[in-house]
Amino acid sequence: MDSITKGQRNLLLFLLGIAILVLPIRFLAMGNFDDKKSIESQYNERQTYYNSLLEKDANRQQYIADTEKYKADYEAVLAEFPSELYQDNTIMYLQGVKDKYKFNFPSVTMGEETLFYTLGAGAVGDVTVADNSSASTDAAASDVTIDDSAATASGYNCYSASFPVTYEGDYKDIKDVIDYIKNGDYRMTLDDVTIAFNEQTGKYEGDMTITSYAVNGDDRTTDHADVNVQTGTNNIFGNPTVKSTTTTTTTTAQ
């Protein structure tokens with residue numbers, strides 16, 4: 001093999017010199033270039049975020065005022081719901097309806113409360129029917145089991161309870177009672193209302209299901225109804241007055 005010429009050797013040295021210069025640029029300078037692009041990208045993101053903060057800061061007072069307004073509206077809606085569905089409250093509520101409209105409830109079935117929604121978390125998926133083979137939306141309250149872990153301690157948990165009743169009253173009273181329940185102090189709904197005329201009594205009667213709602217959580221409390229029922233008596237016949245009688249015996253001499 002012929003030895004390389006002096007020109008070829010110089011060319012190789014020249015190429016080697018270029019490689020020595022290019023490789024550091026490729027692995028060092030290009031790495032710095034990528035870092036520069038990343039820094040610029042982060043800067044642009046932060047600049048955009050900063051600009052949005054400046055815009056929000058310009059409307060700070062409006063946001064504060066809106067927050068207070070929406071908070072008050074939110075608390076006003078919560079105030080329409082009791083925190084617990086006490087059965088004695090329901091009994092006194094129905095008694096108030098009877099007294100106000102001369103309405104009669106021959107029978108009342110007390111329902112059990114059911115957790116159905118948690119604010120901030122959505123509908124509760126852990127409310128299940130005990131017998132899955134016959135699960136339906138018409139399942140009785142006694143067949144429903146609630147997983148307490150679904151209820152949050154710090155949030156608001158929504159409950160409902162249905163109270164099937166039979167009723168009896170005048171036609172006008174029925175309409176008045178429906179309006180009263182619809183526009184009452186607490187949120188209630190009327191479901192499955194039936195009506196029929198009783199020719200013997202001259203009254204309208206039927207069935208209706210009243211569903212009550214409550215929002216439990218935070219420090220919300222609901223007072224129990226003041227049920228003051230006097231029971232017992234010393235004498236079931238009252239205090240009768242017994243008239244004294246005088247018997248006179250006459251003896252005839254023999």
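**Entry 1, terms and model.** I take two strands as paired if DSSP finds at least two bridges between them. Helices (H or I, at least four residues) and strands (E, at least two) are DSSP runs, numbered from the N terminus. The model is predicted: local features need pLDDT of at least 70 and side-chain atom pairs count only at pLDDT 80 or more, while totals for chains, interfaces and linings use all residues. Residues are numbered from 1 along each chain as its sequence is written, and side-chain values use heavy atoms, with hydrogens and water left out.

**Entry 2, the chain.** I looked up the element list and found four helices and nine strands. Read from the N terminus, the order is α-α-α-β-β-β-β-β-β-α-β-β-β. The chain has 254 residues, and 19% of them are buried (under 20% relative accessible area; exposed is over 50%, partly exposed in between; 1.4 Å probe, protein chains only). I then took the contacts (heavy atoms within 4.5 Å) between residues at least 6 apart in sequence, and 75% of these join residues at least 24 apart.

**Entry 3, strand β9.** I went through the pairings of β9, residues 203-217. Strand β6, residues 156-169, runs antiparallel to β9, and 14 bridges join the two. In β6–β9, I noted G169 opposite Y204 of β9. β7 is also antiparallel to β9, with four bridges. M188 stands opposite S212 of β9. The third pairing I checked is β8 with β9, antiparallel again, over three bridges. A196 stands opposite E205 of β9. I also noted that β8 and β9 make a hairpin, with four residues between the strands. In that turn, G202 has a positive phi of about 70°.

**Entry 4, positive phi outside glycine.** Which residue in the loop between α3 and β1 did I flag? It is K102. The flanking elements are α3 (87-101) and β1 (104-108). K102 is not a glycine, yet its phi is positive, about 55°. I record K102 as exposed because its relative accessible area is 71%.

I flagged D192 as well, in the loop between β7 (188-191) and β8 (196-198). D192 is not a glycine either, and its phi is positive at about 55°. The relative accessible area of D192 is 63%, so I list D192 as exposed.

**Entry 5, α3 against α4.** I looked up how helix α4, residues 171-182, lies against α3. Their axes (lines fitted to C-alpha atoms over the stretch in contact, with angles from 0 to 180 degrees between N-to-C directions) come within 11 Å and cross at roughly 140°. The two helices are therefore oblique to each other (under 35 degrees counts as roughly parallel, over 145 as roughly antiparallel, 65 to 115 as roughly perpendicular, the rest as oblique). From α3, the contact is made by Y93, V97, K100 and Y101. From α4, D173, D176, V177, Y180 and I181 take part.

**Entry 6, P106.** Is P106 buried or exposed? P106 is exposed, because its relative accessible area is 55%. I place P106 in strand β1. I then looked for its contacts, leaving aside neighbours within four places in sequence, and found T166, Y167 and E168. For P106 and Y167 I noted a C-alpha separation of 6.2 Å, with the two residues 61 apart along the chain.
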